[in-house]
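Some questions about packing, sheets and cysteines follow the model shown here.

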Amino acid sequence: MAITQNKRREHILACLSPAPSNERIVRTAARMAAAFDCPMTALFVRTPDFDAAPPEDQQRLRANQQLALELGAAVETTYGDDVPSLIAEYARLSGVTKIVLGRSAAARRRPFGKPPLTELLLAYAPDIDIHIIPDTRARASYRPRSARETSPRSLLLNIAKSTAILAGATALCALSDRLGFSDANLIMVYILGVVLTSVVTTHRVYALASAVISVIAFNFLFTTPRFSFSAYETGYPVTFIVMFLTAYITATLAMRYKEQASQSARIAHRTRVLFDTDQLLSKAAGRDEILHAAGNQVVKLLGRAALVFVSENSELTDALPFAAPDQPMPAYDEAAERAHAAAALAQSKPDAQAAGAFLYFPIRMGEHVYGAAGIEPGGNPPDAAEQSMLRSVLAACALALENEHNDRAKKAAAVLAESEQLRANLLRSISHDLRTPLTTIAGNASSLLSSGDSFDAATRRQLYSDIYEDSMWLVGLVENLLSATRIEEGRLTLRTSIELLGDIAEEAVAHIVPKAKDHKLSIVQEDELLLVRADAHLITQVIVNLIENAVKYTPPGSSVRVLLKCEGADAVVEVSDDGPGIPDADKARIFEKFYTGAHSVADNSRSMGLGLYLCKAIVKAHGGEITVHDNAPHGAIFRFTLPLDAALAGAALSAEGGLTRE
Amino acid sequence: MNKITILVVEDDAPVRNLITTTLGAHDYRHVAATTGEAAVMAAASHNPDIVLLDLGLPDIDGVEVIRRVRGWSSVPIIVISARSEDADKIEALDAGADDYLTKPFSVDELLARLRATQRRLALIQNGGDRQSVYTNGQLAIDYAKGCATLAGEELHLTPIEYKLLCLLAQNTGKVLTHKFITKSVWGSSWENDIASLRVFMATLRKKLEKGPDSPRYIQTHVGIGYRMLKVE
């Protein structure tokens, strides 16, 4: 067979059965998996009547499962009686591309029976390749028997219904007969009775019996001679046969229609639930939300309490309880439940679940186990349909978790790459820029040591003050570098607390005042009590850097003003000066790393272009924005925002309320 | 007049030299120790008036030194830390340190801290923290009456503001951490308490420090806490 050009990775599904020929199917599937170098899954659909299968069948199934395991397949079991739809659904959810099954399963066809498995599979999963392995050996000895429940209660109920309808039909016939209607009317009434029986009972046998009894009753009660099983008219035997066949075939069709209607209702319900689940899961952000959405969906679906365990590094950690609607969460021992869930996950036998207060199902995608979901069995364990829906929800949940996991890994890798890049740039830049002040400090100090006595007092003083100023510059640089590493080591290192913006601004100004004796610094608080959630040190640094910049790039005597105000949901800080302003060409690039502009400031070599870049990074990490504008009539305004916390505003208000109550 | 004894605990020789030279030049007596163990011994034997303690010591952690010394002495301790992390300072302050200096610090800063601590010492020696009326510049608190006045005028304070003011006054010169204050006033240290603390402190300061020329009574240590300053 030609290998498809499809880029999708192949995934082969072998259908397990207890048939002797199944071994060959497993081996063929394994060979295909080896040829495509792709994963293989062996699936057994366990129908409710399989428990009644002979022990040798069960034995053979276990042998086949063991063989599949040895050949490197993942062995799975699903539960239900709608075999083709379960296989198709499993294939869809697990991304299976090829299904391998045996002809014995393929060619089972009876008149009026269900279409063969392959045809149904094709209908359910039209885009999956189906490979049928010829079966030269004996037919499977195992044939599913009726899966219908045969409790005495339902038997009696069905018989009662059939009898009542039959009696009703007979009574109606007696009435028609009395009124002198023809035989044709009576036959129609009986056929109607049989069709009704087929609609209200759960098995075809009742319709069949009803048809037979109707014919006999018609013969006995309404044909001459009355009250005898013989009939005078020569046409009657034909009438009886036609009557029987008509009744039976109509009833069969009605019954099949009923089955299909209930099946399509079931499928519609399942589709609806899965659709909702998919939507909820795609809306959920983060692992916990996904698990919560899945847990809630399971509870909504089954009406049972659920306990979801989160798996981290193949250890089950947090337990998330989901109570059934309008019911308290059942009592459970978390440690014991965790052990049960772990046992269920570790179970190599595919169809055995560990028994605890909850029944556990794995949440997994391929090799990755994301957790286990336990549902409360209550008095009645979940039936096959429930289990199959549960598995669908859990599979969708696992898929969502896998996507989320991959996204996170991708983002982490991107952040890592970016910070590596920054570190490299930083090191290059630092090693160059540190040399200038260090040369001055070391040179000046060494001249003072060796020949300090020969300098006059003014020269010595100049050397001392140069050393002092250069070291102070280094102090500032180290502060900025420390902040830069903290920012770049991952945004999580923000140590935020609730801060009064006014306090931070005052601290920043107090820090600058001794260095800016030639400038007029002022703080204006248009709005007071601006509470923000911020890293005090980093925000102080932002304001310090902005003021330092303003001081550095404006002539002595200029004034620098720090303005605090509130705008909507943001606190705004503006640092404005009345210097020459910033050319438009620089405005766009001013926040870039190591951008120093074309300023002809005397100590341009000392400007590493780190300060504003850092300001931007810090403000961004706080969820704010930094911009630069022109001041009127001249000068620059640097402006940044910090989100005000709504909850904090409430707290602040209640505290302020305390002021008026005296 | 400055003849008080200062124990300098610092393992780095140049920094120790810088500090001792500065102290000598300003008429302080000093004793130096280079390890934590030696510092505890010196604190016991020399009975210093102030301890300058570096947090990064070769043998035991500086915070541990504070805990041991606080076992028997209430000598004011000023922590010197190269770590710019607030957490370390807060830990030291909560362990019983009175004040802190972050490296690199200027000589002026060091001397200012020493003067502030000396004022605190003088206050304690006068029994100022136990008197029923507290005075600091124009601020006066009558603990018995439960009222505070500024320049003779009664301050209209909410119960919580008054509590805060008393707490700060009783620890004049000492940096109190946010946690310490919220625990003392609210009994808890939830985030909302800290938000409220910020607001109460801001309003309290507004009532105490009217106008730009008025002396500063309360000093804000961003990220750490607050301190009542002794105003001359």
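The exchange below takes up these topics in turn.

Reader: What kind of model is this, and how are its residues and chains labelled?

Author: Residues are numbered from 1 along each chain as its sequence is written, chains are lettered from A and ligands numbered from 1 in the order in which they are written, and side-chain values use heavy atoms, with hydrogens and water left out. Local features need pLDDT of at least 70, side-chain atom pairs count only at pLDDT 80 or more, and totals for chains, interfaces and linings use all residues, since this is a predicted model.

Reader: Which helix gives the most to the largest nonpolar core?

Author: A nonpolar core is a set of buried Ala, Val, Leu, Ile, Met, Phe, Trp, Tyr and Cys residues joined through side-chain atoms within 4.5 Å; buried means under 20% relative accessible area, exposed over 50%, partly exposed in between (1.4 Å probe, protein chains only). The largest has 43 residues, and A:Ile543, A:Leu546, A:Ile547, A:Phe638 and A:Phe640 touch the most other members. Helices (H or I, at least four residues) and strands (E, at least two) are DSSP runs numbered from the N terminus. With 10 residues, the top contributor is helix 16 of chain A.

Reader: Which residues does A:Ile543 contact, leaving aside its neighbours within four places in sequence?

Author: Contact means heavy atoms within 4.5 Å. By that rule the partners of A:Ile543 are A:Ile504, A:Ala505, A:Ala508, A:Val573 and A:Phe640.

Reader: In the open sheet 7-6-9-8 of chain A, what is the bridge partner of A:Ala306?

Author: Two strands pair if DSSP finds at least two bridges between them. The 4 strands are paired antiparallel, and strand 7 (315-322) and strand 8 (359-365) are the edges. Strand 6 (residues 306-312) is joined to strand 7 by 6 bridges. In strand 7 of chain A, the partner of A:Ala306 is A:Phe322.

Reader: What angle does helix 7 of chain B make with strand 10 of chain B?

Author: Strand 10 (175-177) is an edge strand of the antiparallel open sheet 10-12-11 in chain B. Helix 7 (residues 178-185) packs on the sheet and touches strand 10 and strand 12 of chain B. Axes are lines fitted to C-alpha atoms, for helices over the stretch in contact, and angles run from 0 to 180 degrees between N-to-C directions. The angle is about 70°.

Reader: How many disulfides are there over all chains?

Author: A disulfide is a pair of cysteine sulfur atoms within 2.5 Å. B:Cys166 is in none, as the nearest cysteine sulfur, that of B:Cys147, is 10.0 Å away. B:Cys166 is buried, with a relative accessible area of 9%. Over all chains, the count of disulfides is 0.
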